[in-house]
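Open the model in your viewer and keep the sequence panel visible. Each stop below gives a selection and then what is found there.

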Amino acid sequence: MRTVKATAAAVTVALAAGAASVAAGRFASDAALKAPPGRPLPTEPRLTVHATAAGQIALTRDLAALRPGVYGLTGAGTHAVVGPVLGAASHSADTVVRRLERVTTGALEPGDKVWLTPNTHVGTPRTALGLGHRDVEILGELGALPAWFVPGLRDTWVITVHGLGATREHPMNVMEFLHEQRFPVLDLAYRGDPGAPRSPDGLNHLGETEWRDLDAAIRHAVQHGADEVVLYGWSTGATMALRAAAHSGLRERVSGLILDSPVLSWPTTLRALASARRTPGALLPLAVRAAQGRTGLEGDRISEATHVTVPTLIFHGPDDHLAPWAYSRRLAEARPNLVALHTVRDAPHGAMWNADPKAYEEALRRFLTPLM
């Protein structure tokens, strides 16, 4: 009898431990599968505003605060834009002073908690950039998808699609440049975004199912006058672009791909996001398995990516800890005649433009010129 009781107790403990592990894996996987659009990713440190002055802002001294380039700065009800570090400005040992370009919404006060973000614009193309645009609806498999359409003179359209933690405001960083090149721009909000339908399970599938919304955008573009399209994606939006170029029924209309910080190994990205939430290392494999079980995600995208058939430009760099640069480098080395890698240093995930906008846009111009 004692043996039976001991065995039953051991089984109960094992079942409880197993259930706890499953729950922990699900919670850890939420860092990627439930990343809310428009909210800083957990990899971004929270900074404190120490002081503001005419055209200057002092922030907590952190590696993030020392990044070169131009960034959005977001907090509770606040959005601003900061420029380069002002090395000659007077500051304390625990602060960094950057140029304060503008305060878009709200006000910045000492003690405010803020995050750096790739988004340098909020609002719409008209309110943020002065660009005339139309609000359009694209019929996707889950319902109507809102999008901004900025007209242009060319027959090749650029379809932009944001990635993790962002919204369709993010592509406005390059929208003015694309407009100057006379490209019509279709900026898509996809499933899970504000104003768009949710996925049936309420989860982000890291591009695995979302690409079908991009496919719907390609169909919309062709129906409304596009001869060809260039797909331009950031992060998981880049994954969507790769999948659409490979599987869309209109893939022959895709003349080029622009991939910024592409997520080519979703397990690596998921582990990085879970780690940023301080998930113990022992639970990370459980998080990957939980994500697989909840979404049906399979393998990485690198093998699929190596079969690209159109000119492709990748913006990526070694300081992206969410989507490792090594995968992009491997892709460029595998297809040197089709894939060009523009390496950007000192830039976090999804912020390759921010580190050096002029160099980024020059690489973009050179790539797009033959596709015009």
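The tour goes through strands first, then single residues, salt bridges and a surface patch.

This is a predicted model, in which local features need pLDDT of at least 70 and side-chain atom pairs count only at pLDDT 80 or more, while totals for chains, interfaces and linings use all residues. Residues are numbered from 1 along each chain as its sequence is written, and side-chain values use heavy atoms, with hydrogens and water left out.

**Stop 1: strand E12**

Select residues 254–260, which form strand E12. Helices (H or I, at least four residues) and strands (E, at least two) are DSSP runs, numbered from the N terminus. Seven of the seven residues in E12 are buried; buried means under 20% relative accessible area, exposed over 50%, and partly exposed in between (1.4 Å probe, protein chains only).

Add residues 228–234, strand E11, which pairs with E12 in the parallel sense over six bridges. Two strands count as paired if DSSP finds at least two bridges between them. To find the register, label Val229 and its bridge partner in E12, Val254. Between the two strands the chain passes through helix H5 (residues 236–247), and this β-α-β crossover is right-handed. The term means that, with the strands pointing away from the viewer, the path from the first strand over the helix to the second runs clockwise.

Now show residues 312–316, strand E13: four bridges pair this strand with E12, again in the parallel sense. Here Leu257 has Thr312 of E13 as its bridge partner.

**Stop 2: Thr236 in helix H5**

Stay with helix H5 and select Thr236. Is Thr236 buried or exposed? Its relative accessibility is 2%, so Thr236 counts as buried. Draw a distance from the Thr236 side chain to the backbone nitrogen of Leu164; the value is 3.5 Å.

**Stop 3: strand E10 and its partners**

Select residues 185–188, strand E10. Val185 and Asp187 point one way, Leu186 and Leu188 the other way, and all are buried.

Which strand pairs with E10 in the antiparallel sense? Strand E8 (residues 143–150) does, over four bridges. Label Ala147 and Leu188 to see one bridge pair, with Leu188 in E10.

Strand E9 (residues 156–161) runs parallel to E10, and four bridges join the two. Val158 stands opposite Val185 in E10. Show helix H3 (residues 172–180) as well: E9, H3 and E10 make a right-handed β-α-β unit.

Within H3, select Phe177. This residue counts as buried because its relative accessibility is 8%. Then add Glu361, which is 184 residues from Phe177 along the chain; their C-alpha atoms are separated by 7.4 Å.

**Stop 4: salt bridges**

How many salt bridges does the structure hold? There are nine, a salt bridge being a side-chain nitrogen of Lys or Arg within 4 Å of a carboxyl oxygen of Asp or Glu.

Begin with Asp30 and Arg294, whose closest N and O atoms are 2.9 Å apart. The pair links distant parts of the chain, with Asp30 in helix H1 (residues 2–33) and Arg294 in helix H7 (residues 284–295), 264 residues apart. Asp30 is buried at a relative accessible area of 13%, and Arg294 is buried at 16%.

Next, select Arg243 and Glu208, a salt bridge with its closest N and O atoms 3.4 Å apart. Arg243 returns you to helix H5, and Glu208 is in the loop between E10 and helix H4 (211–223), 35 residues apart from Arg243. Both Arg243 and Glu208 are buried.

Move to helix H11 (residues 357–368), where Arg365 and Glu362 are three residues apart and therefore separated by about one helical turn. Their side chains meet in a salt bridge, 2.6 Å from N to O. Arg365 counts as partly exposed at 32% relative accessibility, as does Glu362 at 29%. For a network, select Glu141, Arg191, Arg212 and Asp213, which are joined by salt bridges that share partners.

**Stop 5: a nonpolar surface patch**

Finish with Leu63, Leu66 and Val85, shown as a surface: they make a nonpolar patch of about 270 Å². Patches are made of residues with over 30% relative accessible area and no salt bridge; like charges are joined within 9 Å, nonpolar side chains (Val, Leu, Ile, Met, Phe, Trp, Tyr) within 5 Å. Accessible areas come from the Shrake-Rupley method with a 1.4 Å probe, and for residues only the protein chains shown count as cover. Leu63 is in the loop between strand E2 (56–60) and strand E3 (71–75), and Leu63 counts as exposed because its relative accessibility is 73%.

Technical notes. Polar contact = N/O pair within 3.5 Å; in protein donor to acceptor, adjacent residues only side chain to side chain.
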